[in-house]
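Reader: Before we discuss this model, could you take me through the terms used for it, and set each value against its cut-off?

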Amino acid sequence: MKPIISPVGDCAISIDFGQVIDPKINRHIRQTIERIQELHLEGIIELVPTYCALLLQYDAMLYSYSELCNIIEPTLEQTITDNDNELVTVVEIPTVYGGEFGPDLGFVASHNNLSEDEVVAIHSGTDYLVYMLGFIPGFTYLGGMDPRIATPRLSSPRTLIPAGSVGIAGEQTGTYPSDSPGGWQIIGRTPVTMYDMSKEQAALLSAGDYVRYVPIDEAEYNRIKALGSDYVPSMYKVEVGELRGY
Amino acid sequence: MAINEFKKSSIYVTAPGMYTTIQDEGRVGFQQYGMPVAGPMDSESYLLGQALVGNVETVGALECTLLPPTLTVKGTCIVAFTGADMEPTINNVRVPRYIPFVCHDGDVISGGFSQCGVRMYISFSGGIDVPSINGSVSTHTKAKIGGLEGRPLQKGDELGIKAFTRDEVHVCDYRGEDHTLFNTALYNRGGRECHEPLRVVLGDQAKHFTGKGIKTFSDNIYTLTVECDRMGFRLDGPEIEHVDSADIISDGAVFGSIQVPSNGHPIVLMADRQTTGGYTKIGTIITADLPRLSQLPVGDGINFNIVSIDEAQDIYRAYMERLHKRIKLAHEQSAYVFKVRNKI
């Protein structure tokens, strides 16, 4: 469908790309953001991408709604590139699975009639698209988890889940960026800081990145943890066709 | 007398008030990473306060809710009170809002339960000295971010006030309540009364409501429930009817967006809102009416008036021009600060 622009109050617009959760729609949103940024417009205050919409806040002293629509419309026209050799960013998240770091790994395995090793192999064998960030700073909404390891949430949420915990809730997976209460099944933990408030680029991940969980042992966990914000996870470009699980 | 250099001072919190947080203009540019904006609920009163104490760049001020804190000054600082009328006092002398005052070592700043409005701002020249996170000192208590350890003030806190210099500040004696106010223009909220309708621009998701639902929304009075805080105002009133589902795929929202979950009762998203939400949004309250809404207490009724985007933006431009004029007036006032004499 052709994206639809609509007003959100007097100082923002929403662009609706179609009410579907789909990697292609998400890529279209990212391309639109790049095209808007290439225009170097004054008075664009925030761009907030979500699953299938883009919120744009602007200075309404500089543009009226209809003027802004006329500027934005052409950035939506272009067709999305849809081939397997498009490059995307993969970010490796080293993770200790099981044990005290992942107390629910055993439950996820037995719930799905798998061994713990099989759960780890499946979970770390898929690359997950970051559709959007929201809820709390640095929290990523990931897509693409293998339904073979889907597991319902805990019947009673825990009061404290440590930052870095990697969990499963239904067919979703993700990482808790900060200490938080929560009901996800915790299968592991990463020593990587997902949201570093002391940095200008505070969030490790951006919408459109792919997450690759890499199993590590406790010694490696402690080594990375000790490095703190000096640790930079591996990031590289791969072609869409080379992503795992797609 | 002219003064121009002020050393770092501090304020000691003797009583914290009902819910007092440090706010500046908020975290702009980080919503794409899930970081909520925060910032003042009533940005108009906040900005006027900043101008009155001569701050050119906006910095951390105190947002008081219903009952202000009691503060003891260490050193010398310049303060101004704006927003709700909490009958502010310096050394137990009632002082007017919208006028800057100079305070010295041992002076006590306090006030009483609000007589009108919910949020009062106490601004300081130089601003409150707390660490900046993502470009802002604003407190977001639910995310435990910003301000002082991400929480409201507590008894025993001591807040630094940054050193500052000013071109020329004239100190005048404050002689009591009959003092002539020469900045009444600063109070004026563009001539609109507290309970005039809040103007709303319908959004694309208005299509998720029946015609009857939209009419219910625009024809009835909605009441502020006890569940009104910096994140959102939950309203009570006739149920707004959806076409079918109240759920959407989560998308972005702004200050003033009105969500309607399946129970049909609207929630207005306020300063501490989450960056994204999964309920249908019927529309968004216009910028000019948000400061007024922020000052309404629990139990008050409001109603909504639907306006077109063109009307909304005409109102916006006129509102901003007027606000800038008032800010300029407040900056002019900032050169003349008053001092309370302990014996009047």
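Author: I shall begin with the core. Of the 99 residues in the largest nonpolar core, those that touch the most other members are Ala12(A), Tyr131(A), Ile187(A), Val211(A), Val268(B) and Ile285(B). The largest share of this core, six residues, comes from S6(A). The model is predicted, so to speak of local features requires pLDDT of at least 70 and to count side-chain atom pairs requires pLDDT 80 or more, while totals for chains, interfaces and linings use all residues. Residues are numbered from 1 along each chain as its sequence is written, and chains are lettered from A and ligands numbered from 1 in the order in which they are written.

Reader: What makes a set of residues a nonpolar core, and which residues does the second one include?

Author: A nonpolar core is a set of buried Ala, Val, Leu, Ile, Met, Phe, Trp, Tyr and Cys residues joined through C-beta atoms within 7 Å. A second, separate core of 46 residues includes Val13(B), Ala61(B), Tyr98(B) and Leu153(B). In soluble globular proteins, nonpolar side chains tend to be buried together.

Reader: Why is Tyr98(B) called buried or exposed?

Author: A residue is buried if 20 or more other C-beta atoms, placed from the backbone, lie within 10 Å of its own, exposed if 12 or fewer do, and partly exposed in between. Tyr98(B) has 23 other C-beta atoms within 10 Å and is therefore buried. Tyr98(B) lies in the loop between strand S8 (93-94) and strand S9 (101-103) of chain B, and its phi is near 65°, a positive value in a residue other than glycine.

Reader: And what is Glu87(B) called by that count?

Author: Glu87(B) is partly exposed, because 19 other C-beta atoms lie within 10 Å. Its place is the loop between strand S6 (77-85) and strand S7 (89-90) of chain B, and the phi of Glu87(B), near 40°, is again positive in a residue other than glycine. Most residues other than glycine have a negative phi.

Reader: How do you know whether Phe124(B) is buried or exposed, and with which residues is it in contact?

Author: Phe124(B), found in strand S11 (residues 116-124) of chain B, has 28 other C-beta atoms within 10 Å and is therefore buried. Two residues are in contact if their C-beta atoms, placed from the backbone, lie within 7 Å. Leaving aside neighbours within four places in sequence, Phe124(B) is in contact with Val53(B), Ala61(B), Cys77(B), Ile78(B), Val79(B) and Ile161(B).

Reader: How many residues of chain A are in contact with chain B, and of what class are they?

Author: In chain A, 39 residues are in contact with 34 residues of chain B. The largest share of the chain A side, five residues, comes from S3(A). By class, this side has 27 nonpolar, nine polar and three charged residues, where Ala, Val, Leu, Ile, Met, Phe, Trp, Tyr, Cys and Pro count as nonpolar, Asp, Glu, Lys and Arg as charged, and the others, Gly among them, as polar.

Reader: Which strands of chain A stand at the edges of the open sheet, and why?

Author: Strands are DSSP runs of E with at least two residues, and helices are runs of H or I with at least four, numbered from the N terminus. Two strands pair if DSSP finds at least two bridges between them. The open sheet of four strands has the order S1-S2-S4-S3 (chain A), with antiparallel pairing. S1 and S3 of chain A each have a single partner strand, so one side of each is left without a neighbour in the sheet, and they stand at the edges. Five bridges join S2(A) to S4(A), and the bridge partner of Asp16(A) in S4(A) is Ala53(A).
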